[in-house]
Each structure stands twice: as structure tokens, then as C-alpha cells.
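Here's a quick walk through one protein model, sorted by topic. Have the viewer open and follow along.

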Amino acid sequence: MNSDGAYANLVLPALLRERRLTGRDAAFATELLAGTCRWQGSYDTIIAAAAGRPLNGFQPAVLDLLRLGAHQMMSMRVPVPAAVAASVDLAAATVGERVTGLVNAVLRRVADKTLEEWFDQLSDGLDDRDRLALRSAHPRWIVDAYAELLEPAELEQALAANNQSPPISLAVRPGLAEVDDLVHAGAEPSTYSPFAARWRGDPGELAFVRDGRVVVQDEGSQLVTWALTRAAAAPGWWLDLCAGPGGKSALLAGLARLDGSRLVASDVAPHRGILVAAAVRAYAGRGTGPTVLVADATRPAWRADSFSRVLADVPCTGLGALRRRPESRWRRGPTDVERLHALQVALLASAIDSAAPGGIVGYLTCSPHRRETSDVLNETLAVRTDVEVVPAAQLLPEVPGAALGPYLQLWPHRHGTDAMFAGYLRKTR
């Protein structure tokens, strides 16, 4: 499950198709994998206590089997005998007969208590945030990061929302499809984005999705991209300087087309450039697609002061998308935040340099962590005299409760979106 660093939401759909699982079987497999990834850290604490030994005493594959078994028993209402038997059989088939006794013994000890009883026992002596971290299945450092932005009662709501599977959000490509087309096909309009609709079922069933006129895209990603285009700026060339995998580029391509502008979509990684080209193929096929480049935005392949709008959707820890990638919370750490912070500052500087006077720069992250969001903008504003903040609330007045000072912070528990952050700047000279 964890050995190759893959993400469950990317691997699972292909596995379901390969094994031809549908309906209840597919739903069971999805919850088993996603739920185990989500609660991994809390289950690890329980497994270590039940086994009476540290986790590094288990083979990684055995530990994954124990996590899967624990999730079945504690959160999926699978009867204990069935969950233990299935785990033992899987251990024999994948690791070897020699570990079956260990798997059987540990899981039976785990089953001696309910999840709440384990939490009560293991919470004894913990401070409030450590207790919340255990019960909400988040590392303490993420709880602390959220606590900087939210009051205690809302903090619990936000962490709980990260443990809920998100609905499928679709995005129409402007000029190629309309939300009404999706509604007629059985979708429901979304709350805020004029390009979004919610879908129940397999999006691949829709012809709009198959031909690239509609894609799966979180409503929050649509909103922060749309906001960039709502600030006044002259038509011209637009730039998406961290474009892969291309979802925001495709939305910008359609909006640029309606504005009489053109888009350059660039990414440093060749394979991500290929994804961008695929994402905008519906526009390219009509002769209005963006120019797709493979280039390092910290060493731009374009002239400075060239673009009327620049989007910097920078690499980040992804802490705002824990609903979709639940395992990220256990793979990332504070050192990742600091490592990415320096890159984020450099990319924002490049975005500003790339903008023409009077142009708009949008700085986006799918993370609410202060070091990835407001700190990057505030540090930049402290050393640059050629930009001013465009208050984000003015650009998305339809979205309540999203203002974070002059910036914008979306939340799953407030808005039903990923926890996207955005700040918008105007280049003054």
C-alpha cells in the first residue's frame, strides 16, 4: 500500500477496472483502501499498543495488512472473524505462511476493544491537541497548523471534514460545454462556481468527459482560477507557470479565448507537460489551444513584463486536499513545508517579474499552512515595491466566509471544496 509512494485515488480506479469490480464490491474496496490510508497513524498507535512492540519491529507489508484488518473491524463493521480470516489469508498469499500467526494474534488483540475504547485508553495523559490528533487521524503538526487559523470548535469540524470522501465535482470548459448540459445529463449545479456541477457515478460514462469538454475538477480549484480573470486587466497573453497536470490551464484557456487573450502553459517536468497538452486537447483541436512549454519558471524561457495575467499554482504539501489524498498527512512533515517555502517564494517572484505593468498575479496553493500561504505573500510584499494586493473578497463576493485578511482561504467544512488558498497582486510598474 505504501511501498512505492503511490496515491490511492490515482491507483485505485485502474485497479477496479483491471479487476472488473463494480457496485458494492467497488465501494467496499474504495473504502477499505482510502479509509485505511486516512486512519493509518491512529491505527498504528493502536496496533503498537495491542502488539506491545514498536512498529519498526514489523515488516512494512505486515504492518499494511494489520492496518487493513484494523479498518475492517473498527470502522467498516466487518465481523471480527471474517476480517481476521481474510487478513491471515492475504498474509499467507502475499508475505508467507510464517507471518500468519503474528497477524492473527495482533488483530485479535486489536479487536478486544472498540475504536472509542482504544481512543479513551490511549488518550489518557495527552494534552488537548494530541488527543485531537489521535481521534481525528492527523499528525500533531497539522493540527497545530490548522489551529493557527481556526477557533477550537471549528478546528474539530475542519479536521473531521478531511475524513469525509468528497463528492465528484465536474468542470465545463468555457465555450465548449455548459453546466446546463450536465444538468440535463443528471448532474446537480454546484454552489459557487459557474463552471461546476456535482456528479454521482462514474464520470467516464459522460461523452462530455470522454472528449475533453468536461473534466473532474474540485470546485475550489475552479474558483481561485476564475478569480484571477475577474480582476481588471487588458487583454493580452496570459501565463500559467506551474501548469501541470493542466486542470487550471484548461479553464484559463477557455476564459482567455472569451477575453480575446491567449495562454502560455508551462511546467518544469516533461511528463507534466504531456498531461497539460492532454488537458487542453479540446481547445487545441479547435485551433484555440494554449502554447504548452516545458520550462523552469525560476529561470524563465520568456521575457519579463510580458503577461497581463500570471497564475502561480505552486508546488505545496497538499494539506488542503486530504479528503482526496488521505495518505499525504502521514507522508509529509514540517521539513517539507520549509523546503517548499523557499521554492514558493522564488516562483512568486518569477510570476511578478513575468507580469506586465498593470497585470494581475494569482498565487495559489492547495494548502492552508501559513508558511505556504500568507507568509510567502507577506515576505514578498516586504521586499517589493512594484506590487499591490487586490483584496480577494472583491473577486469572489459570491463565496462567504472565505476572506483571510486580504487573501482567500477556502475550507471543506465551510465551502465543500478543497482548502485552496489564493492571493492576488497587481503589478504597479
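Before the sheets come up, one definition: two strands count as paired if DSSP finds at least two bridges between them. Keep in mind as you read that this is a predicted model. With that in hand, the tour starts with an open sheet of 4 strands, paired antiparallel in the order 2-3-1-4.

**The open sheet**

- Strand 2 (188–189) and strand 4 sit at the edges of this sheet with a single partner strand each, so each has one side without a neighbour in the sheet.
- The link between strand 1 (residues 168–172) and strand 4 consists of 3 bridges, and the two run antiparallel.
- If you want a specific pair to click on, try leucine 170, whose bridge partner in strand 4 is valine 216.

**Valine 215, on an edge strand**

- Strand 4 covers residues 214–216, and valine 215 is part of it.
- Is valine 215 buried or exposed? Valine 215 is buried, because its relative accessible area is 19% and the cut-off for buried is under 20%.
- Beyond its neighbours within four places in sequence, valine 215 makes contact with Ser169, Leu170, Ala171 and Arg173.
- Glycine 285 is 70 residues away from valine 215 along the chain, and their C-alpha atoms are 16 Å apart.

**Strands 5, 8, 9 and 13**

- Strand 8 (residues 307–313) is mostly covered, with 7 of its 7 residues buried.
- Strand 8 pairs in the parallel sense with strand 5 (residues 237–240), over 3 bridges.
- In that part of the model, aspartate 240 is found opposite leucine 311 of strand 8.
- Strand 8 also pairs with strand 9 (residues 355–365), again in the parallel sense, and this time over 6 bridges.
- Two spots to check here are arginine 309, which stands opposite isoleucine 360 in strand 9, and phenylalanine 307, whose bridge partner in strand 9 is alanine 355.
- Why is strand 9 described as largely enclosed by the rest of the structure? The reason is burial: 9 of its 11 residues are buried, so strand 9 is largely enclosed.
- Strand 13 (residues 421–427) runs antiparallel to strand 9, and 6 bridges join them.
- Glycine 362 has tyrosine 424 of strand 13 standing opposite.

**Cysteines**

- How many disulfides does the structure hold? The count is 0.
- Cysteine 37 is in no disulfide, and the nearest cysteine sulfur, in cysteine 366, is 17 Å away.
- With a relative accessible area of 2%, cysteine 37 is buried.
- For cysteine 316, the closest cysteine sulfur also belongs to cysteine 366, but 5.6 Å is too far for a bond. The cut-off for a disulfide is a pair of sulfur atoms within 2.5 Å.
- Cysteine 316 is buried as well, with a relative accessible area of 16%.

**Two more buried residues**

- Arginine 323 is in the loop between strand 8 and helix 17 (328–331).
- Despite that loop position, arginine 323 counts as buried, at 7% relative accessibility.
- Not counting residues up to four places away in sequence, arginine 323 touches a good list of partners, including Arg38, Asn162, Gln164, Asp218, Pro412 and Asp418.
- Proline 139 lies 184 residues from arginine 323 in sequence, with 15 Å between the two C-alpha atoms.
- Serine 249 is in helix 14 (residues 247–259), and it counts as buried, at 0% relative accessibility.
- Neighbours within four places aside, serine 249 is in contact with Asp240, Ala243, Leu263, Ala265, Val276 and Val280. Asp240 is the aspartate that stands opposite leucine 311 in strand 8.

**On the surface**

- Leu10, Val11 and Leu15 form a nonpolar surface patch, and together they have about 230 Å² of accessible area.
- Leucine 10 belongs to helix 1 (residues 8–19).
- Where does leucine 10 fall, buried or exposed? Leucine 10 is exposed, because its relative accessible area is 52% and the cut-off for exposed is over 50%.

Conventions
Residues are numbered from 1 along each chain as its sequence is written. This is a predicted model: local features need pLDDT of at least 70, side-chain atom pairs count only at pLDDT 80 or more; totals for chains, interfaces and linings use all residues. Side-chain values use heavy atoms; hydrogens and water are left out. Patches are made of residues with over 30% relative accessible area and no salt bridge: like charges are joined within 9 Å, nonpolar side chains (Val, Leu, Ile, Met, Phe, Trp, Tyr) within 5 Å. Accessible areas come from the Shrake-Rupley method with a 1.4 Å probe; for residues, only the protein chains shown count as cover. A salt bridge is a side-chain nitrogen of Lys or Arg within 4 Å of a carboxyl oxygen of Asp or Glu. Buried means under 20% relative accessible area, exposed over 50%, partly exposed in between (1.4 Å probe, protein chains only). Contact means heavy atoms within 4.5 Å.
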